[in-house]
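Work through the exercises below with the sequence and the 3D structure at hand. Try each task before reading its solution.

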Amino acid sequence: RTFFIFEIIYAVVSGILLFLFPKNIEVFFSAANSNNLLETLVNLFSPIWLLWYLLALIFWKLLLVIFGKDEKLIFVALIIMVLIGFLDLNGRFLTYQRMFGMFPFFLIGYYVNHDLILKFKASSYGYLILLISCLLLYLIVPKVIDLNVELFYYADSYSQFNLKPLTLILYRISIFITALFLSLSVIFLTPDKELFFSKLGTNTIGVY
């Protein structure tokens, strides 16, 4: 229900912007062809911008029927994350590329409980994670800074990029590992006690 509500809101607001600023079509929608823009805005099967997340969330919860039975299936999700890029179809249809590309993050979050987080924060591993995160940023960021930014969107298949398949696989794995370590670093650095900005933080992800 949430997906359909926000899809309609997005289509209405975008239509108003298009009516008021018709010359800024590329700025607002990253599309030069206005003939099929309305179709793009209300296409429930290929949501654009942040709406892909809401649709993917529906599929992720459905996938838990299978992947939610054993945490070892995280490794299966990782294999799918890598191999799905070879499926040379319209990657934005049902957001399937993003859905399977980002699914391991969702699945890991599903299996991580509050007690496990507390144990991690109380351990000395957090400092090691911080160090590794810094090293990964130092080693990887200079290598990918000049890449096509859409490579990080997980929205298209490998065939859309002028790179060797093995290179794309290594990039996808590197992105996952780096993001995982950075996420752990943020968790480790997040204070346990409530601070003046805590209320803002608890309401932020809901807005997204």
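Three exercises with worked solutions follow.

The structure is a predicted model, in which local features need pLDDT of at least 70 and side-chain atom pairs count only at pLDDT 80 or more, while totals for chains, interfaces and linings use all residues. Residues are numbered from 1 along each chain as its sequence is written, and side-chain values use heavy atoms, with hydrogens and water left out.

**Exercise 1. Describe the helices and the confidence of the model.**

Step 1: Count the elements, remembering that helices (H or I, at least four residues) and strands (E, at least two) are DSSP runs numbered from the N terminus; the protein has 10 helices and 0 strands.

Step 2: Read the confidence from pLDDT, which is given by the predictor for each residue from 0 to 100. The mean for the protein is 82, and 85% of its residues reach 70 or more.

Step 3: Compare the elements: the lowest mean pLDDT, 55, belongs to helix 3 (residues 37-41), and the highest, 96, to helix 5 (residues 73-83).

**Exercise 2. Find the salt bridge and describe its two partners.**

Step 1: Apply the rule that a side-chain nitrogen of Lys or Arg must lie within 4 Å of a carboxyl oxygen of Asp or Glu; the structure holds 1 such salt bridge.

Step 2: Identify the pair, which is lysine 121 and aspartate 192, with their closest N and O atoms 3.7 Å apart. Because lysine 121 lies in helix 7 (residues 114-122) and aspartate 192 in the loop between helix 9 (165-189) and helix 10 (198-207), the pair ties together parts that are 71 residues apart in sequence.

Step 3: Classify each partner by relative accessible area (buried under 20%, exposed over 50%, partly exposed in between, with a 1.4 Å probe and protein chains only). Lysine 121 counts as buried at 17%, whereas aspartate 192, at 64%, is exposed.

**Exercise 3. Locate the largest pocket and say what lines it.**

Step 1: Use a 1 Å grid over the protein atoms alone, where a pocket is an open set of points with protein on both sides within 12 Å along at least five of seven lines, and lining residues have an atom within 4 Å of a point. The largest pocket holds about 1200 Å³ of space.

Step 2: Look at its 35 lining residues, of which Phe105, Ile108, Ala179, Leu180 and Ser183 are the closest to the centre.

Step 3: Ask which element supplies the largest share of this lining. Helix 9 does, with 10 residues.

Terms used
1 Å grid on protein atoms, 1.4 Å probe; cavity = no way out; pocket = protein on both sides within 12 Å on 5 of 7 lines; lining within 4 Å. Points joined across faces, edges and corners; volume = space filled by probe spheres on them.
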